[in-house]
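Colleague: I would like to take a close look at a single part of this model, and I would be glad of one connected explanation that a first-year student can follow.

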Amino acid sequence: MCVESGMPKANRWNRFIYALWSPFYDLLINLAAIRQARRRAFDLLALRRGERVCLIGVGTGADFPFLPEGISAAGVDLSKAMLAKARRKLPLSGIDLTLQQANAEQLPFADESFDVAVLTLILSVAADGAACLQEAARITRSGARLLVLDKFSPPA
């Protein structure tokens, strides 16, 4: 891993590229097939009132329409530009949701803080997808559910 200025090169690239994509990201991510896959994944997840949910790689908030009332959630993303677009979609009716900038590979939450972790379209673009998945497991309690929805895998 190449590290300059305390941040892996891949993460610096992700911040740059998602700053460029943020104005157009919702147009791409809300194509019918992607939206349908997202809906199906959240239907299978069956979030319940009172659950604490972590949205890892929350992006522009494309998952927000699939969140039911009565949950509390925290969303994190590496990109300030993506988070700015997500913030414009708040508040959500009946949902306590906070957003913060954070690296998915080093989440700012205590162990076992959440009932559910959602990783939508993040593992394939994170600098270290395995570390991201390990962090999701760390911040969720025993018996928690993880939703992983992605579009492709990086080459081996």
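Which residue of E5 does Ala-73 stand opposite?

Modeller: Ala-73 stands opposite Leu-97 in E5, and since you ask for a close look, let me begin there and work outwards, keeping in mind that this is a predicted model.

The contact you ask about belongs to a pairing between E4 and strand E5, which covers residues 96-101, and these two strands run in the parallel sense over six bridges. To get from E4 to E5 the chain passes through helix H3, residues 80-87, and the β-α-β crossover made in this way is right-handed. E4 has another partner as well, for strand E3, residues 52-56, pairs with E4 in the parallel sense over five bridges. In that pairing, Arg-52 is the residue that stands opposite Ser-72 of E4.

With E3 and E5 both paired to E4, we can ask how well E4 itself is covered. Strand E4 is made up of residues 72-77, and because six of its six residues are buried, the strand is largely enclosed by the rest of the structure. In a regular strand the side chains alternate between the two faces of the sheet. Both faces of E4 are covered, with Ser-72, Ala-74 and Val-76 buried on one side, and Ala-73, Gly-75 and Asp-77 buried on the other.

The loops next to these strands deserve some care too. In the loop between H3 and E5 we find Pro-91, and the peptide bond that joins Leu-90 to Pro-91 is cis, with an omega of about 0°. In the loop between H2 and E3 lies Ala-46, whose phi is near 50°, a positive value in a residue other than glycine. Ala-46 counts as partly exposed, because its relative accessibility is 39%. A comparable note can be made for Leu-121, which is not a glycine and yet has a positive phi of about 55°. Leu-121 sits in the loop between E6 and helix H4, residues 129-139, and with a relative accessible area of 12% Leu-121 is buried.

The loop between E3 and E4 brings us to the charged side chains, of which some are joined in salt bridges, seven in the structure. Asp-63 forms one of them with Arg-38, and the closest N and O atoms of this pair are 2.3 Å apart. This pair links distant parts of the chain, since Asp-63 belongs to the loop between E3 and E4 while Arg-38 belongs to helix H2, residues 32-45, and the two are 25 residues apart. Both Asp-63 and Arg-38 are buried.

Helix H2 also holds a salt bridge within itself, between Arg-39 and Asp-43, with the closest N and O atoms 3.9 Å apart. These two residues are four residues apart in H2, which is about one turn of the helix. Arg-39 is partly exposed at 38% relative accessibility, and Asp-43 is partly exposed as well, with a relative accessible area of 45%.

Another salt bridge is formed where the side chains of Arg-141 and Asp-115 meet, at 2.7 Å from N to O. Because Arg-141 lies in strand E7 and Asp-115 in strand E6, residues 114-120, the pair ties together parts that are 26 residues apart in sequence. Here Arg-141 is partly exposed, with a relative accessible area of 31%, whereas Asp-115 is buried at 16%. There is also a network, in which salt bridges that share partners join Arg-48, Glu-51 and Arg-145.

Returning to E3, we may ask about Cys-54, which is buried at 0% relative accessibility. The closest cysteine sulfur to that of Cys-54 is in Cys-132, and because the two are 9.5 Å apart, they are too far from each other for a bond. Cys-132 is buried too, with a relative accessible area of 0%. A disulfide would need the sulfur atoms within 2.5 Å, and by this rule the count comes to zero disulfides.

Finally, a word on the surface, where Leu-133, Leu-146 and Val-148 form a nonpolar patch with about 220 Å² of accessible area together. Val-148 lies in strand E7, residues 140-149, and is partly exposed, with a relative accessible area of 44%.

How values were computed: Residues are numbered from 1 along each chain as its sequence is written. This is a predicted model: local features need pLDDT of at least 70, side-chain atom pairs count only at pLDDT 80 or more; totals for chains, interfaces and linings use all residues. Side-chain values use heavy atoms; hydrogens and water are left out. Patches are made of residues with over 30% relative accessible area and no salt bridge: like charges are joined within 9 Å, nonpolar side chains (Val, Leu, Ile, Met, Phe, Trp, Tyr) within 5 Å. Accessible areas come from the Shrake-Rupley method with a 1.4 Å probe; for residues, only the protein chains shown count as cover. A salt bridge is a side-chain nitrogen of Lys or Arg within 4 Å of a carboxyl oxygen of Asp or Glu. Buried means under 20% relative accessible area, exposed over 50%, partly exposed in between (1.4 Å probe, protein chains only). Two strands pair if DSSP finds at least two bridges between them. A crossover is right-handed if, with the strands pointing away from the viewer, the path from the first strand over the helix to the second runs clockwise.
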